[in-house]
There are 2 protein chains.
Amino acid sequence: MNDKSPCCDITVIHEELVEKVRRNMPPEEELFNLAEFFKVFGDTTRIRILYTLFQSEMCVCDIAYLLGMTQSAISHQLRVLKGAKLVRHRKEGRVVYYSLDDDHVKAIFDQGYKHITERN
Amino acid sequence: MNDKSPCCDITVIHEELVEKVRRNMPPEEELFNLAEFFKVFGDTTRIRILYTLFQSEMCVCDIAYLLGMTQSAISHQLRVLKGAKLVRHRKEGRVVYYSLDDDHVKAIFDQGYKHITERN
DNA sequence: TGAATATATGAACAAGTATTCATATAAAAG
DNA sequence: CTTTTATATGAATACTTGTTCATATATTCA
């Protein structure tokens, strides 16, 4: 019986390995940013918007009509996509056209698609 | 004043474009699965676990110790990762070793990393 | 067999988030 | 200038989700 405090009874089995791995971990901030980035793709509406924009730039009400959702919902999500620097916008009178602003998204989606289709 | 019902006042500006884009959209189920897949990456704890497993297979308590989290929290997240077919496990007595079970993850992370570092 | 230990898991709670609703803004048209 | 229309946005709500806590399971060791 040792004097470990009851609130911290964490055990390590391979301490040496753990320390080695710890030294090679990327900085926390990087991992946080990566999670934030992927969070954007974790929603069907945003995925659908992005697949729409893969094909063509499009205005807000067209996207809303295409996806069968309210203009407000689409506008809110476009805001998120813009915050993640994934889309840009171009204003023409009252109409705002959104388009893709990233080269990696398609590659990322293709890899993701490979994963979900390759499981036997 | 026309007789549009007030609940369905959706407007389309470029109907022809919309129909063309609609025909080329991937099936809904595919988009849903893709979103579910990326949802897994949208959490710092899971990202950290995966970066850990990039380096070495590791048992649950070592991961918990390394990341400074409870065994329960890690176990719950490993369950999610297993559900997404991203990790596999190997039992050795009481100890369960987890390891990566996917070739695409690293590529996806690298693309994501490029995105978040390339914004000026 | 009984105690110790590594992991898994269900329930509860807190925090986060997507959509809706109401409304604001801004540009065009009358 | 007033009305219409395309978009943006704040607040509220419903839903989702990550962690904790308590406990179950399973394996080793005495």
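This passage describes a predicted model of two protein chains with two DNA strands. The two copies, their contact, their sheets and the surfaces near the DNA are taken in turn.

Chains A and B superpose closely. A turn of 180° with a shift of 0.0 Å along the axis lays chain B on chain A, and the RMSD is 0.0 Å. The two copies are thus related as by a two-fold rotation axis. The contact between them draws 50 residues from chain A and 50 residues from chain B. On chain B, at least two residues each come from helix H1 (15-23), H2, H3, H4 and helix H6 (104-118). H6(B) supplies the largest share of this side, 10 residues. By character, the side of chain B that touches chain A holds 28 nonpolar, 13 polar and 9 charged residues. Of the interface residues of chain B, 100% are also interface residues in chain A, so the copies meet through the same surface.

One helix pair in this contact can be described in detail. Two packed helices are described by the angle between their axes and the distance between the axes. Helix H6 (residues 104-118) of chain A packs against helix H2 (residues 28-39) of chain B at about 100°. Their axes are 10 Å apart. An angle of 65 to 115 degrees counts as roughly perpendicular, and H6(A) and H2(B) are therefore roughly perpendicular to each other. From H6(A), the residues at this crossing are A:Phe109, A:Gly112, A:Tyr113, A:His115 and A:Ile116. They meet B:Asn33, B:Leu34, B:Phe37 and B:Phe38 of H2(B). The residues of this contact comprise 6 nonpolar and 3 polar, with no charged residue.

Each chain also carries a sheet. In chain A, 3 strands form an open sheet in the order S1-S3-S2, with antiparallel pairing. Strand S1 (58-59) and strand S2 (87-92) of chain A are the edge strands; each has a single partner strand, so one side of each lacks a neighbour in the sheet. S1(A) and S3(A) are joined in the antiparallel sense by 2 bridges. A:Met58 has A:Tyr98 in S3(A) as its bridge partner. Helix H3 (residues 44-55) of chain A packs on this sheet and touches S1, S2 and S3 of chain A. The direction of H3 makes about 90° with that of S3(A).

In chain B, the open sheet of 3 strands has the order S1-S3-S2, again with antiparallel pairing. Strand S1 (58-59) and strand S2 (87-92) of chain B stand at the edges, each with a single partner strand, so one side of each is without a neighbour in the sheet. Antiparallel strands S2(B) and S3(B) are joined by 6 bridges. B:Val87 lies opposite B:Leu100 in S3(B). B:Arg90 is the bridge partner of B:Tyr97 in S3(B). S2(B) and S3(B) form a hairpin, with 2 residues between the strands. In the turn, B:Gly93 has a positive phi of about 70°. Helix H3 (residues 44-55) of chain B lies across S1, S2 and S3 of chain B and runs at about 90° to S3(B).

The DNA strands were then considered. Around DNA strand C there are 26 residues, and the nearest are A:Ser72, A:Gly93, B:Cys59, B:Cys61 and B:Ser72. Both chains give elements with two or more residues to this surface: helix H5 (71-83) of chain A, and helix H4 (60-67), helix H5 (71-83) and strand S3 (95-100) of chain B. H5(B) gives the most, with 6 residues. The surface near DNA strand C is made of 9 nonpolar, 12 polar and 5 charged residues.

DNA strand D is surrounded by 26 residues. The closest are A:Cys59, A:Val60, A:Cys61, A:Ser72 and B:Gly93. B:Gly93 is also the residue with positive phi in the hairpin turn of chain B. Elements that give two or more residues to this surface are helix H4 (60-67), H5 and strand S3 (95-100) of chain A, together with H5 of chain B. H5(A) gives the most, with 6 residues. Near DNA strand D, the surface residues divide into 9 nonpolar, 12 polar and 5 charged.

Technical notes: Residues numbered from 1 in each chain as written. Chains lettered and ligands numbered in written order. Predicted model: local features only at pLDDT ≥ 70, side-chain atom pairs only at ≥ 80, totals over all residues. Near = placed C-beta within 6 Å. Helix = DSSP H or I, 4+ residues; strand = E, 2+ residues; numbered from the N terminus. Nonpolar A, V, L, I, M, F, W, Y, C, P; charged D, E, K, R; others polar. Axes fitted to C-alpha atoms, helices over the stretch in contact; angles between N-to-C directions. Parallel < 35°, antiparallel > 145°, perpendicular 65-115°, else oblique. Contact = placed C-beta atoms within 7 Å. Least-squares fit on C-alpha atoms with pLDDT ≥ 70 in both. Pairing = 2+ DSSP bridges.
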